[in-house]
Amino acid sequence: MKKEEFIMIDFHCDVLSKMLKNDALTFQGGADGTLDVTYERLRQSGTMLQTFAIYISPRQSANIEPVLESVDLFYERILSCKEMQLVTSAADLESSITSGKTGALLSLEGVSGLQGRLSMLRLLYRLGVRAAGLTWNDGNWAADGIMEPRGAGLTGKGREFVSACNELGIIVDVSHLSEQAFWDVAGLSTKPIIASHSNARAVCNHPRNLTDRQLKAIILGEGRVGITFVPWFVTSDREACVTDLLGHVEHICALGGEKHIMLGSDFDGIDSYMTDLKHPGEVYRLKEALLARYSEVQVAGFMQNNALTFLRENLPAV
């Protein structure tokens with residue numbers, strides 16, 4: 001693929017979680033409706049980089065084994081595809097772009113399985129993890145999630161975790177955190193933070209979406225917000241379609257976030273979809289809708305360049 005054919009970076013999908021539950025799934029040649037994100041769809045859609053999340057269901061999340069099994073799936077089934085390239089550094093990113101390959105970045109969605117051991121974080125770093133969210137919607141040893149009723153923030157161990165991520169070069173992801181945990185992370189992190197897959201709460205009043213104050217904090221800290229395609233995060237009063245996403249983009253831009261918007265689809269992490277945006281092969285519809293309202297430079301920023309700039313500045317150099 002030529003450089004000019006790349007049109008997007010997606011910062012969140014749950015392919016690995018589906019593969020962990022169903023060992024028969026294949027990434028290549030798998031466009032049978034079972035997986036949203038497949039090798040063929042990434043290549044055909046012009047995806048520059050896809051982030052693959054390690055998500056373990058709550059009933060298994062206290063164990064490290066499924067986390068390590070997910071890493072193995074990433075190497076055996078994703079990176080075995082000839083035009084996919086592991087990205088763990090800015091140098092890897094440039095290499096993947098130059099060679100026309102699709103970059104694959106590994107993230108951790110919830111750290112319950114690490115059981116408070118930073119040694120496990122260091123091992124996962126060596127295995128390629130470059131982004132991490134502290135919890136899913138619940139509470140764990142590190143932090144409370146947004147659906148945890150007590151709404152607490154970071155624990156002492158959670159604070160150590162954030163500091164360790166900063167030191168190692170792991171991007172801290174605040175999607176799913178309780179509001180108190182969000183502010184704890186924002187105040188503690190010495191590096192820019194991301195919300196890999198969250199929208200604007202002022203546009204759609206769902207707890208997983210971010211308040212204006214949270215969005216402004218990410219923007220002022222030079223972080224990024226991944227506009228997500230989860231229908232119930234897009235709109236609450238009707239079936240969601242591509243044009244509904246524009247309201248979230250417009251709102252974040254109005255807060256000063258034009259250069260801080262990226263994409264975080266959550267493909268394969270949902271069981272119902274927007275009417276016209278069900279897999280990477282349909283993301284062109286979002287691009288067309290954006291071009292009807294914004295300039296080519298702005299749209300290129302939303303689709304890939306804002307995320308690209310962030311990764312160049314925040315991944316380890318080599």
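**Exercise 1. Which residues are linked with Arg238 in a network of salt bridges?**

Solution. The structure is a predicted model. Start from Arg238 and follow its links. Asp237 and Asp244 join Arg238 in a network of salt bridges. Now set this network against the total. The count for the model comes to 10 salt bridges.

**Exercise 2. Take the salt bridge of aspartate 268 and lysine 18 and state what it ties together.**

Solution. Step one: the distance. The N to O separation is 2.9 Å. The cut-off is 4 Å, so the pair qualifies as a salt bridge.

Step two: the places. Aspartate 268 lies in the loop between S9 and H11, and lysine 18 in helix H1 (residues 15-21), so the bridge ties together parts that are 250 residues apart in sequence.

Step three: the exposure. Aspartate 268 is at 5% relative accessibility and counts as buried. Lysine 18, at 21%, counts as partly exposed.

**Exercise 3. Locate the partners glutamate 179 and arginine 201, and decide for arginine 201: buried or exposed?**

Solution. First, the contact. The closest N and O atoms of glutamate 179 and arginine 201 are 3.0 Å apart, in a salt bridge. Next, the location. Glutamate 179 sits in helix H7, and arginine 201 in the loop between strand S7 (194-195) and H8. The two residues are 22 apart, and the pair links distant parts of the chain. Last, the exposure. Arginine 201 has 17% relative accessibility; buried means under 20%, so arginine 201 is buried. Glutamate 179, at 32%, is partly exposed.

**Exercise 4. Classify both ends of the salt bridge between arginine 150 and aspartate 144.**

Solution. The closest N and O atoms are 2.8 Å apart. Arginine 150 has a relative accessible area of 57% and is exposed. Aspartate 144 has 1% and is buried. The bridge therefore pairs an exposed arginine with a buried aspartate.

**Exercise 5. Describe two surface patches and place a residue of each.**

Solution. Take charge first. Glu65, Glu69, Asp72 and Glu76 form a negative surface patch. Glutamate 69 lies in helix H3 (residues 65-78). At 44% relative accessibility, glutamate 69 is partly exposed.

Then take the nonpolar side chains. Leu68, Tyr75 and Leu127 make a nonpolar surface patch of about 230 Å². Leucine 68 is also placed in helix H3. Its relative accessible area is 41%, so leucine 68 is partly exposed.

**Exercise 6. Find the positive phi values at histidine 176 and aspartate 266, and give their settings.**

Solution. Histidine 176 is not a glycine, yet its phi is positive, at about 85°. The residue is in the loop between strand S6 (171-173) and helix H7 (179-188). With 7% relative accessible area, histidine 176 is buried.

Aspartate 266 has a positive phi near 70°. Its loop runs between strand S9 (261-263) and helix H11 (284-291). At 8% relative accessibility, aspartate 266 is buried.

**Exercise 7. Map the surroundings of leucine 215 and asparagine 306, beyond four places in sequence.**

Solution. Leucine 215 is in helix H8 (residues 212-220). Its relative accessibility is 0%, so leucine 215 is buried. Contacts of leucine 215 include Ala200, Val225 and His251. The C-alpha atoms of leucine 215 and serine 198 are 10.0 Å apart, across 17 residues of chain.

Asparagine 306 is in helix H12 (residues 296-314). It is buried, at 9%. Among the contacts of asparagine 306 are Arg224, Glu258 and Lys259.

Key
Residues numbered from 1 in each chain as written. Predicted model: local features only at pLDDT ≥ 70, side-chain atom pairs only at ≥ 80, totals over all residues. Heavy atoms only, no water. Patch = residues over 30% accessible without salt bridge, like charges linked within 9 Å, V, L, I, M, F, W, Y side chains within 5 Å. Areas by Shrake-Rupley, 256 points an atom, 1.4 Å probe, with all protein chains shown as cover. Lys, Arg positive; Asp, Glu negative; His and termini not counted. Charge placed at Lys NZ, Arg CZ, Asp CG, Glu CD. Helix = DSSP H or I, 4+ residues; strand = E, 2+ residues; numbered from the N terminus. Buried < 20%, exposed > 50% of the residue type's maximum accessible area, 1.4 Å probe, protein only. Contact = heavy atoms within 4.5 Å.
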